[in-house]
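Please open the structure in your viewer, set it to a cartoon representation, and keep the sequence at hand. The tour below moves from one selection to the next.

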Amino acid sequence: MSENLKTIKELADELGVSKQTIRNKIDKDFREKFVQTIKIKGNNTLVINNAGYSLLKKALQNDTAQTAKTLQNDTAQTKLICFLEEQLDKKEQQLSVKDKQLENKDTQISQMQNLLDQQQRLALQDKKLLEEYKAEINDLKALKMPPEETEFKHLDNQYKDEVNALKEKLENLQEQIKDQKRIEEQEKPRKWW
């Protein structure tokens with residue numbers, strides 16, 4: 001075939017696409033300007049001139065670039081979606097952990113409330129018992145019993161009397177000792193020299 005005219009099969013082989021892709025790119029305007037029909041081996045064959053070849057090549061390269069960009073965008077979107085799904089899974093796991101922690105805290109608060117109620121009940125019981133004991137003590141004080149202070153005063157007075165008596169005896173003994181020493185001194189012979 002001539003270098004200026006190429007068949008659809010030749011174009012498809014050169015550009016690395018299918019014949020159907022080439023046919024899809026050929027519309028009515030393109031056919032009028034760049035396509036001719038010639039007989040090859042007794043069959044009518046469509047051929048495209050160099051200007052048409054260049055135009056198809058550019059259109060397919062643009063399509064390829066757009067497809068590549070689309071694939072890149074799709075890949076980037078897929079990666080982004082995967083990343084977001086992973087992040088979502090992590091957040092769901094964190095929320096699950098937080099839910100369990102909240103349940104534990106609710107249980108602890110409930111237990112603390114029960115303990116506080118018990119403590120308040122015990123404090124009321126203690127208060128009642130104290131009031132009962134005070135009433136009993138007051139009742140016992142009201143009974144006519146000899147006051148303890150009188151008994152202690154009596155013992156204190158008795159003790160004081162005994163101490164005073166012992167002091168007197170001690171003083172008497174001391175005087176007797178002094179008297180005895182005087183007498184002994186008087187009886188000693190005096191020296192004449």
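What follows is a walk through a predicted model, going from its sheet to a helix and then to a pocket.

**The sheet.** Begin by selecting residues 5-7, which form β1, and residues 35-40, which form β2; these are the edge strands, each of which pairs on one side only. Then add residues 43-49, the strand β3, and you will have the open sheet of 3 strands, which follows the order β1-β3-β2 with antiparallel pairing. If you look along the sheet, bear in mind that its neighbouring strands are turned by 45 degrees against each other on average, when direction is ignored.

**The pairing of β1 and β3.** Keep β1 and β3 selected, since the two run antiparallel and are joined by 3 bridges. Which residue of β3 is the bridge partner of Lys6? Show Lys6 together with Ile48, for Ile48 is that partner.

**The helix across the strands.** Next, select residues 8-15, which make up helix α1; this helix lies across β1 and β3, and runs at about 85 degrees to β1.

**The largest pocket.** Finally, select Thr7, Ile8, Lys9, Lys19, Arg23, Thr45 and Leu46, the residues that line the largest pocket. Colouring by element shows where the lining comes from, as α1, α2 (19-25) and β3 each give two or more residues to it. The volume of this pocket is about 160 Å³, and by class its lining consists of 3 charged, 2 polar and 2 nonpolar residues.

Methods:
Residues numbered from 1 in each chain as written. Predicted model: local features only at pLDDT ≥ 70, side-chain atom pairs only at ≥ 80, totals over all residues. Heavy atoms only, no water. Pairing = 2+ DSSP bridges. Helix = DSSP H or I, 4+ residues; strand = E, 2+ residues; numbered from the N terminus. Axes fitted to C-alpha atoms, helices over the stretch in contact; angles between N-to-C directions. Contact = heavy atoms within 4.5 Å. 1 Å grid on protein atoms, 1.4 Å probe; cavity = no way out; pocket = protein on both sides within 12 Å on 5 of 7 lines; lining within 4 Å. Points joined across faces, edges and corners; volume = space filled by probe spheres on them. Nonpolar A, V, L, I, M, F, W, Y, C, P; charged D, E, K, R; others polar.
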